[in-house]
Amino acid sequence: MGKELQFPDVTPDPRVVAALEPVLAPAQDTPAYWDGLHRRIMARVADAGAIAWWSISPAAARAGLVAAGLAILALGALALQTRELNNRLAVDAMAETELEVARVIPGIDEPLAVPARR
Amino acid sequence: MLAVLRSHPVSEVSSPVVSDAADERAWILDAQKGDQSAFGQLVRRHQRRAYAVARAIVLNHEDAEDAVQEAFLHAYRALDRFRPDQAFGAWLHRIVANAALDLTRRRKVREADELPETVASPFRDPAESDDLRKRLRDALAELPPRQRAVIVLHDVEGYKHAEIGKMLGIPEGTARSDLHYARARLRDALGSFRSE
């Protein structure tokens, strides 16, 4: 059996509602009381607003996180690219040095002759 | 207080007269841009009902005030997530109910940690004199906080079961059964008083 049938939506019992009224009312139900509560609420809101100038909204925080993530990815890619370039330059430099040495000192790149054993 | 609330029944609040709705929408949009005086207007319009919802859950005046203040502060901070096509009252009451339920849970934990003789009575209203009122308070106090919230939101504030379910994060059927049991308990309390 559905809950609609089990607990039909009957109208509120006026006796219960009437009895609830004083239970739910504040001790002083006067305009002054409500003004006071309003002032206290707004004082807390003002405090929250005062610190809000340096705090950031969730939307801005999300955008910031995405931007930071993209920046980290870009920096990582750049670092990889730079390292690859450096490696290639180092290898090229080494090869060039070997060629230059071989030109200046002929035979340097040939294997050393092993002395014959006696 | 509730006499005043009844002069603005929920059917009106759900679809208020055009100027009220237009005012509220304008206040919300201004408040979302950071206008605190516009938010102040929203507070002024909704604080009474917010208090009644909180009071029904926490039962005492001081905690109800705390819950209302917490709830409005939370609402102010979360205002950028509020869509103006929603009903502000229902959105706010969900925050109020959650703040009050949270306060009740924290109080329970605190009281469990305290010695029995230091546990404060939740009923500190000096105006307490009416026997019927006391009996009803006792019956309300025996109800789980969620059932108290459901009966007040439905019978006093006029929300539908589905709306209450959304507010309290429970299935509609649970709101129905909560209301049924809460009413039965309160009627019992009233009935036994009348039969004496």
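# Briefing: a nonpolar core in chain B and its contacts with chain A

The largest nonpolar core comprises 59 residues, and those with the most contacts inside it are Val53(B), Ala54(B), Ala67(B), Val96(B), Ala100(B) and Val152(B). Helix α4 of chain B, residues 36-58, supplies the largest share of this core, namely 11 residues. The model is a predicted one, and the values below are computed from it. In soluble globular proteins, nonpolar side chains tend to be buried together.

**Chain B: fold and packing**

- Chain B contains 10 helices and 0 strands, and along the sequence this gives the pattern α-α-α-α-α-α-α-α-α-α.
- Of the 196 residues in chain B, 40% are buried.
- When contacts in chain B between residues at least 6 apart in sequence are considered, 71% of them join residues at least 24 apart.
- Val96(B), which is among the core residues with the most contacts inside the core, is in contact with Ala50(B), Val53(B), Ala54(B), Ala67(B), Val68(B) and Ala71(B), once its neighbours within four places in sequence are left aside.
- Three of these partners, Val53(B), Ala54(B) and Ala67(B), are themselves listed among the residues with the most contacts inside the core.

**Chain B: helix α9 and the residue after it**

- Helix α9 of chain B spans residues 161-168, and its buried residues are His161(B), Glu163(B), Ile164(B), Met167(B) and Leu168(B).
- These buried residues lie on the same side of α9(B), because they cover an arc of only 160° around the axis.
- Just after α9(B), Gly169(B) adopts a positive phi of about 70°.

**Chain A: fold and burial**

- Chain A has 4 helices and 0 strands, which follow one another along the sequence in the pattern α-α-α-α.
- In chain A, buried residues account for 8% of the 118 residues.

**Where chain A meets chain B**

- The two chains touch through 31 residues of chain A, which are in contact with 41 residues of chain B.
- On the side of chain A that touches chain B, the elements giving two or more residues are α2 (14-24) and α3 (31-50) of chain A.
- Of the elements on that side, α3(A) gives the most, with 11 residues.
- By residue class, the side of chain A that touches chain B divides into 20 nonpolar, 3 polar and 8 charged residues.

Methods:
Residues numbered from 1 in each chain as written. Chains lettered and ligands numbered in written order. Predicted model: local features only at pLDDT ≥ 70, side-chain atom pairs only at ≥ 80, totals over all residues. Buried ≥ 20, exposed ≤ 12 C-beta atoms within 10 Å, placed from the backbone. Contact = placed C-beta atoms within 7 Å. Core = buried A, V, L, I, M, F, W, Y, C linked by C-beta atoms within 7 Å. Nonpolar A, V, L, I, M, F, W, Y, C, P; charged D, E, K, R; others polar. Arc of directions from axis to C-beta.
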